[in-house]
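Here are some notes on the model, set out point by point. Please read them with the sequence and coordinates open.

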Amino acid sequence: MRKAFSKRRTLGETLQLFKSGIPPMDMRFSSNVKKIARLNQTIRMNEKRTCAIIGNSGVLIDSKCGRLIDTSDLVIRMNLALFGGEFDSDVGTKVSLMTLNSGQYRHLTYCTDNYGNITIDVLPRVCCELLTRLTRMNGSTLWYSGSMTHNDHLKTALTVLRDFYNLHFNFAYSPAEIKSEVTKVLKLRAPSSGMAVYAAATHFCSRIQLFGFFPFYKDPTNRTLFTHYYEHAKMNYTTNRHKMPDEFGVLLELDKRGALRIVNDCSGKWNNDILRERLKHDGHLKGDEFGDFDINLPYQPNIEPR
């Protein structure tokens, strides 16, 4: 998988991590890898042996996967998800990278531009909730994987978080759009941010496990699920533009080939074989072959995560 994605994007184009000594207002961004090297402000992610990418599906409630997640060398969480605290046993407490999507980026810059010197108890609700989530991940790395061009508001936001709220973050960005490469390699028309994060992780992770990737309303035990484990809301998976059940079918095939491991239950109640039959029946799996993917992966037997 790394070879397949690297044909289109290098690691340098996938993720750049600002050095810890660079003040936010001095950060300089570029989409050109050679210019980035001349700026000498960022480093690439070092190779990690084990990586956990945490999706936000409600399937993680009562999954008891927290300990397994926290044993990973690198833990990537997505979209400022809540973790630890009341979710400790199911999703763990560790975070290395936390992705920031475009909507949250706008909320963050709006809140710090307009309420940057107001105490948390009088902030608007949307800003208060955002700050609560950021507080849980204080000291880790925020990663914006979208196109980073206009960044003055971001610099201000990071400065306000540091100087007024005493929240200190490293920052990483992607010089090039990752989702387009997922479309070309995995033949997905509108890949989700989770698929983009997986594609990026192939560059610097030797073994990848996905947790909380599960686009269904019920699990194999017939338990009703919410879209996110940390809030009571539901998404219409059949009309969502990302076609998440189809995406999940792709992930199950990659799991079968040994390119990743999907883990949604650590308590022994069920496994992925049940899901393969459901997806095959619903038309999201083409069968046992890899379909039209232009990837030559040797088959490896499914190995349970340690």
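**Notes on strand pairing, helix 7 and Arg162**

1. Thr141 stands opposite Asn170 in strand 7. Thr141 belongs to strand 6 (residues 141-144), which pairs with strand 7 in the parallel sense over four bridges. As with everything below, this comes from a predicted model.

2. Strand 7 (residues 170-173) also pairs with strand 1 (residues 16-18), here in the antiparallel sense and over two bridges. Gln16 has Tyr173 as its bridge partner in strand 7. Strand 7 is thus parallel to strand 6 and antiparallel to strand 1.

3. A second set of pairings involves strand 3 (residues 48-54). Strand 3 pairs with strand 8 (residues 205-211) through six bridges, in the parallel sense. For Ile54, the bridge partner in strand 8 is Phe211.

4. Strand 3 is also joined to strand 4 (residues 74-77) by four bridges, and these two strands run parallel. Within this pairing, Ala52 is found opposite Val75 of strand 4. Strand 3 is mostly covered, with five of its seven residues buried.

5. Helix 7 (residues 125-136) contains 12 residues. From its first C-alpha to its last it reaches 17 Å, close to the 16 Å expected at 1.5 Å a residue.

6. Which residues of helix 7 are buried? They are Cys127, Leu130, Leu131 and Leu134. Viewed down the axis of helix 7, the buried residues fall within an arc of 100 degrees, so they line one face of the helix. What they pack against is helix 6 (102-115), strand 6 and helix 8. Strand 6 is the strand of point 1, where Thr141 faces Asn170 of strand 7.

7. Helix 8 (residues 152-163) includes Arg162. Is Arg162 buried or exposed? Neither label applies: its relative accessibility is 30%, and because buried means under 20% and exposed over 50%, Arg162 counts as partly exposed.

8. The side chain of Arg162 makes a polar contact with the side chain of Asp163, at 2.7 Å. Setting aside neighbours within four places in sequence, Arg162 is in contact with Pro23, Pro24, Leu167 and His168. Pro24 lies 138 residues from Arg162 in sequence, while their C-alpha atoms are 9.3 Å apart in space.

Methods
Residues are numbered from 1 along each chain as its sequence is written. This is a predicted model: local features need pLDDT of at least 70, side-chain atom pairs count only at pLDDT 80 or more; totals for chains, interfaces and linings use all residues. Side-chain values use heavy atoms; hydrogens and water are left out. Buried means under 20% relative accessible area, exposed over 50%, partly exposed in between (1.4 Å probe, protein chains only). Contact means heavy atoms within 4.5 Å. A polar contact is a pair of N or O atoms within 3.5 Å; within protein, one must be able to donate a hydrogen and the other to accept it, and residues adjacent in sequence count only if both atoms are side-chain atoms. Two strands pair if DSSP finds at least two bridges between them. The expected span of a helix is 1.5 Å times one less than its number of residues. The arc is that of the directions from the helix axis to the C-beta atoms.
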